[in-house]
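Reader: Before we begin, could you take me through this structure slowly, and tell me each time what a term rests on?
Author: Gladly; here is the structure, and after it we can take the terms one by one.

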Amino acid sequence: MHSVGRRPSRLRPRFVAALLMLLLTLHLIATQKGQAQVALTEYQVKAAYLFNFLKFVEYPSESFADPLAPFVIGIAGEDPFGSALPQVVTGKTVQGRDLVLRFYRAGEDLRGAHILFISASEKKRLPVILSGLHGSSVLTVSDMEGFLDAGGMVQFLNENDRVRFAINVEATGRARLKLSSKLLSLAKVVGGEVKEAGK
Amino acid sequence: MAKIMSYSLALLFLGVPALAQKSEPVRGSTVDLSTMNIEDLMNVQVSSVSKKEEKLSRTAAAIFVITQEDIRRSGATSIPDALRMVPGVNVAQINGSTWAISARGFNQQFSNKLLVMIDGRVVYTSTFAGVFWDNNSDFPLEDITRIEVIRGPGGTIWGANAVDGVISIFTKNSTETRGGMVVAEGGNIDQESGMVQYGGELKAGTDYRIYTKYFNRANLLDLNGQNGRDGWHQLRGGFRLDSTLSSKDSLMAEGDITTGREGELGFVLPSITSPGYLAESEQINISNSSLESIWRHVYSARSDTSLQVSFDRGKHRDPQNPETRDTLDFDFQHHIALGVRQDVVWGLGYRYTTDLILGSLTVFEDPPSSTHQIFDGFFQDEIALVPDRLYLTGGMKLEHNDYSGFEFMPSIRLAWAPNAYHMVWLAVSRALRAPSRNDTNLVLNIGNFSTSPGGPPELLRLYGNPQYHDERLIAYELGYRTAFGNHLSVDLAAYYNNYDNLQTTEPDAPFAESTPAPAHVVFPLTYENLMHGETHGLEITANWKVTDRWTVAPGYTFEALHMHTDPTSADTVTGPFVEGAVPDHTAQIRTHFGLRRGLALDASAYEVSRLNNQGPSSNVTIPAYTRIDAGFTWKLWEETSFSLVGQNLSKDHHLEFEDVNGALQSSQIRRSAYAKVTWRF
């Protein structure tokens, strides 16, 4: 092979050395930053979202048996969260209420949940689940494609390796759930005009 | 120096395990997720977003989308190399800085039936109705969000020159490039190369990024295996600004400046008595500056408009015909949903382009300077005959240019999805290739072919034809997409194209000329539209997710061209050249394997069958070749990755293209390798 480099070849070792020095510097800097480094999985993030959603939803008063009744976070179908969801909710309260996790099996009455995550395993039964919730005030959440079109309320979206969400305001309106304007401003809103809480 | 190097190497390798240990305990569990608010969550990059079941694209066209991930995994260092993964797109590197790129045939250095856009701005020179890839493709690949490639006509929306394909390059919104990025790269061909970028929020709702990039590429080998003197170095800088003006208005503005210098063995006719071209080592200075803004206004979820204004100044200082061109472009589009079933887009456009092309004995334009304007309007309606199942799209474009007057480009497309897993589409469209400066104003001296010693030189000369017509195409396309669960998807496209008014070079009556001395007889050739032809082909791509960590993407292209000259034509060269300029068969396979701890392996292989009737004497065969690229990426942690990539691994060097109509001698593409580190902060 010919030596056909445009530059005099003596420049090359210097470039390699510079590259190595750069790498070294990056290492040192990143080692400092390493401590603060957080690597979260998709379902850890989604678990934290479920917890956060509760803060921004106003439920009709009949959703709770009494002023101290807990919030029920329900999972329908296979649980994709693993330990993430218990870690998020354990020992926490929202609006003075404790948080309770419930895992539902097929056919169980889902109306006791305040927020219900419908797992992708339930795709075929989705119409049954949603029609069973008709008239109740359960915030339904899923990451199934087409969830909002099917009448679901909050759908997680994956955008550039980040988890975002879309809200079907017609469906939340039918369920008499009032969503804060802050939540709506962060979401992709579909289905009619935006109705803000308290208006 | 050696001491420093060994010291840093030692630290480097000592540092890695220590770091891995440090970062391990924070992985997930110790972070209190409940303290994170929604804004935080929205910006967390998750380590394993599972690809969800994706809807099959409803587009009734042969579309292929190259994602940022595809670019990164391909190891490509330029946009042309990234385009190799698209079946139906012909990519052949001619020398260090020149590529022949086309879709569905008609490939040459000055390919003229493909439209290329960057963020909606047409990058196109009316000199030859094509793209100078060298000063329009050195964008930082890290900033590209996707490249959409449509094979087949796009004239109904994009107008003349979107004949065989449309390539749309989209850069990332500045909100996606907050923070800093440093890229450093070095290798035997892609030598010193690097980029520095910083982006952030200027004020609430307004984001920016600013970058600079430099690369230096080594010389390749000429046809004899000697130094091809075609090295290339280029410096680019630019910015992008994205602003939300109100809840209904957004503004994007971006600007870029690039300047570089590339070598080539250019074809030069030293004197009119010379029997033909000599390949001379030349240096070409290139530069380009562009400014673009797009203002979008949303009236409602069913109606929005965009107004795009752009200006571009390109300089391509080839010593034989240095060119400067200014282009100003206005583009307005309105998208509106009518009723529940119709989705309408219509638009108006105006382009003003002015150039100055100086010449030499070898080649010049007559006149050297010219100005042209294009006006156009289009309308397209997508009708949901059966929502989610059957869509009919009809549209047309009316365009007026100074060369050929009014042009009419209609198309009709039908998409049928019997269920969520199958989609069939059909399309018939008419597209036109408008005349260029070269077609109409070129004067090219080819050489003295006199055989009688003592007699006057007999100079063969090619003239552009001011009466050159549009080249026309009627295309019939058929496609099928299917998905088997979430793991395997297959995309098929077939076409039959019928072209008319294609270019030939025809002899005219000889005449005598006294200047330049000595007195000589000119045997003129003139561009005419005396060829027609059919092409047909098949393109298949598949994407198979074998496991969560392993994906395989094979592809195959078959293409065949049959050219026929009219009875009045005397051109026997152009037809065979066009037919032979693309391979009959191209097969490829790309694979990605994600190992543990941020390690990933990527490899791709391309098999390209031979090209016939190429080269300056038009009877050269370019042998079939296999290109193998492989790369290894190590994501050390969230912000830093290191990669090692080898390209063209199968052979020390190989030839990809020779162009009978080109302006330069080809080089042989060398085996190469580079190392790259990317750091975000």
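Author: Two residues are in contact if their C-beta atoms, placed from the backbone, lie within 7 Å. With that in hand, and keeping in mind that this is a predicted model, we can say that residues 24 or more positions apart account for 56% of the contacts in chain A with a separation of 6 or more. In chain B, among contacts between residues at least 6 apart in sequence, 63% join residues at least 24 apart.

Reader: What makes L126(A) a buried residue?
Author: A residue counts as buried if 20 or more other C-beta atoms lie within 10 Å of its own, and L126(A) has 21 of them within that distance, so it is buried. This residue lies in helix α4 of chain A, which spans residues 126–132, and L126(A) touches I118(A), M144(A) and A150(A), leaving out residues up to four places away in sequence. By contrast with such touching residues, L126(A) and V190(A) are 64 residues apart in sequence and 19 Å apart in space, C-alpha to C-alpha. Over the whole of chain A, which has 199 residues, 36% count as buried, and in chain B buried residues make up 44% of the 681.

Reader: Why are β3 and β10 of chain A said to stand at the edges?
Author: Chain A comes to 6 helices and 10 strands, and 8 strands form an open sheet in the order β3-β4-β2-β5-β6-β7-β8-β10, with mixed pairing. In that sheet β3 (93–94) and β10 (188–190) of chain A each have a single partner strand, so one side of each is left without a neighbour, and this is what puts them at the edges.

Reader: How do you know that β3(A) and β4(A) are paired?
Author: Pairing asks for at least two bridges between two strands, and 2 bridges join β3(A) to β4 (residues 97–104) of chain A, the two running antiparallel; so the requirement of at least two is met. Within this pair, T93(A) stands opposite D98(A) in β4(A). A helix can be placed against the sheet as well: α2 (residues 42–55) of chain A lies across β2, β3, β5, β6, β7 and β8 of that chain, running at about 40° to β8(A).

Reader: Which residues touch the most other members of the largest nonpolar core?
Author: That core has 82 residues, and I66(B), A82(B), L115(B) and V149(B) are those that touch the most other members. Strand β21 (residues 422–433) of chain B gives the most to this core, with 5 residues. Apart from it lies another core, of 51 residues, among them A113(A), V154(A), F156(A) and V163(A). As for A82(B), its contacts beyond four places in sequence are with I66(B), I71(B), S74(B), A76(B) and I147(B).

Reader: Why is chain B called as compact as a globular protein of its length?
Author: Chain B has 7 helices and 37 strands. Its radius of gyration is 26 Å, close to the 26 Å that the globule rule gives for 681 residues, and the conclusion therefore follows that chain B is as compact as a globular protein of that length. Along the principal axes, its C-alpha atoms fill a box of roughly 95 × 75 × 45 Å.

Reader: What is said of the backbone at F106(B) and R229(B)?
Author: F106(B) has a positive phi of about 60° although it is not a glycine, and R229(B), also other than glycine, has a positive phi near 45°. F106(B) sits in the loop between β3 and β4 of chain B, and with 27 C-beta neighbours inside 10 Å this residue counts as buried. R229(B) sits in the loop between β10 and β11 of chain B, and with 21 other C-beta atoms within 10 Å R229(B) is buried too.

Reader: How much confidence does the predictor have in chain B?
Author: The mean pLDDT of chain B is 89, and 93% of its residues reach 70 or more. However, pLDDT stays under 50 over residues 1–30 of chain B, and under 50 again over residues 47–55 of chain B. Where pLDDT is low, the predicted coordinates should not be read in detail. For the complex, the predictor gives an ipTM of 0.72 and a pTM of 0.75.

Key. Residues are numbered from 1 along each chain as its sequence is written. Chains are lettered from A and ligands numbered from 1 in the order in which they are written. This is a predicted model: local features need pLDDT of at least 70, side-chain atom pairs count only at pLDDT 80 or more; totals for chains, interfaces and linings use all residues. Helices (H or I, at least four residues) and strands (E, at least two) are DSSP runs, numbered from the N terminus. Axes are lines fitted to C-alpha atoms, for helices over the stretch in contact, and angles run from 0 to 180 degrees between N-to-C directions. pLDDT is the predictor's confidence in each residue, from 0 to 100. A nonpolar core is a set of buried Ala, Val, Leu, Ile, Met, Phe, Trp, Tyr and Cys residues joined through C-beta atoms within 7 Å. A residue is buried if 20 or more other C-beta atoms lie within 10 Å of its own, exposed if 12 or fewer, and partly exposed in between; C-beta atoms are placed from the backbone. The radius of gyration is taken over C-alpha atoms; the globule rule is 2.2 Å times the number of residues to the power 0.38.
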